[in-house]
Amino acid sequence: MSRIFLAKAYKKRAISRQRKDHAMKLARCVITSNDVVVYEDLRIKNMVKNHCLAKSINDAGWYQFRVWLEYFGRIFGRITIPVSPAYTSQECSGCGVIVKKSLSTRTHVCQCGCVLDRDHNAGINILNSGLGKAGQALTSVLDTGNASGESTSILVGANLLG
Ligand SMILES: [Zn+2]
C-alpha cells in the first residue's frame, strides 16, 4: 500500500468522522429546540442509485442525521414524524394544487398567487402532513379514551410509524 493511498484513506476517515459529529450535533440541536420534528421518509438506497442525487445525499449525511434525530427524540421525549415525500415539492402549500417543477426549478409559483422558495413550500407541506398524522394519532387516543399505555408511548419520543 503506497503512502499516498494511506494518507488519502486517513483523510477520508477524518472527514467521515467530522461529518458524523456534525450530524449528531445538528440533530441534537434540532430536537432540543423543537417539540415536534417532521421530515421526509426518504428511501435513501433508491436515491443513492440515482447518480444525480447520490452525491448530495451522501454528502449531507442524511441517513446519519435521521438516525440521530430519532435517537435524541427518544432521549429528550420529542415527537419525530417521518412523512411520505410524495408531492411535497410539487404540491402548492397555499391551495393544494400540483405545480410540476423540475429539480432545477428553485421557486414555487402557483396560479393562486402563492410564491415561495421551493424548499419553503415543501417544508410547509411536510409539516402539515406530519401534524395531520399526529392529530389522527391523538384523535384515536382520545376516541378510545386510552390516554395511557401504548398509544401515548407512540406519541412521545417515538417514531409515529415505528
Ligand atoms: Zn396554489
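Donors, in these legends, are N, O and S atoms within 2.8 Å of the metal. Everything shown here comes from a predicted model.

**View 1. Four cysteines hold the zinc ion.** Start with the metal: C92, C95, C110 and C112 each offer their SG atom to the zinc ion, at 2.3 Å. The angles between the four donor atoms run from 106 to 112°, so the arrangement counts as tetrahedral. Read along the sequence, the donor residues follow the spacing C-x2-C-x14-C-x1-C. One pair, C92 and C112, ties together distant parts of the chain, 20 residues apart. C92 sits in the loop between β2 and β3 (107–109), while C112 belongs to the loop between β3 and β4 (115–117).

**View 2. A closer look at the cysteines, buried or exposed.** How buried is C92? Its relative accessible area is 1%, so C92 is buried. C112 comes out as partly exposed, because its relative accessibility is 43%, and the cut-off for buried is under 20%. C110, with 7% relative accessibility, counts as buried. Then there is C114, which is in no disulfide: the nearest cysteine sulfur belongs to C92 and lies 4.1 Å away. A disulfide would need the two sulfur atoms within 2.5 Å. C114 is also buried, at 13% relative accessibility. In fact, how many disulfides does the structure hold? Zero.

**View 3. N121 and its neighbours.** Now move to helix α5 (residues 118–144), where you'll find N121. Its relative accessibility is 0%, so N121 counts as buried. Which residues does N121 touch, leaving aside those up to four places away in sequence? They are T88, S89, E91, C92, S93, K101, H108 and L116. C92 on that list is also one of the zinc donors. Look for G94 as well: the C-alpha atoms of G94 and N121 are 8.6 Å apart, though 27 residues separate the two along the chain.

**View 4. Helix α1 and what covers it.** Helix α1 takes in residues 3–32, 30 residues in total. From its first C-alpha to its last, α1 reaches 44 Å, close to the 44 Å expected at 1.5 Å a residue. Which residues of α1 are buried? A23, A27 and I31 are. An α-helix has 3.6 residues a turn, so residues three or four places apart point the same way. The cover over the buried residues of α1 includes β1 (36–40), α4 (62–76) and β2 (79–83).

Note on methods
Residues are numbered from 1 along each chain as its sequence is written. This is a predicted model: local features need pLDDT of at least 70, side-chain atom pairs count only at pLDDT 80 or more; totals for chains, interfaces and linings use all residues. Side-chain values use heavy atoms; hydrogens and water are left out. Helices (H or I, at least four residues) and strands (E, at least two) are DSSP runs, numbered from the N terminus. Buried means under 20% relative accessible area, exposed over 50%, partly exposed in between (1.4 Å probe, protein chains only). Contact means heavy atoms within 4.5 Å. The expected span of a helix is 1.5 Å times one less than its number of residues. Donors are N, O and S atoms within 2.8 Å of the metal (3.2 Å for Na, K and Ca); water is not among the atoms, so sites may look incomplete. Four donors count as tetrahedral if all angles lie between 85 and 135 degrees; four count as square planar and six as octahedral if opposite donors are over 155 degrees apart and all others between 65 and 115; anything else is irregular.
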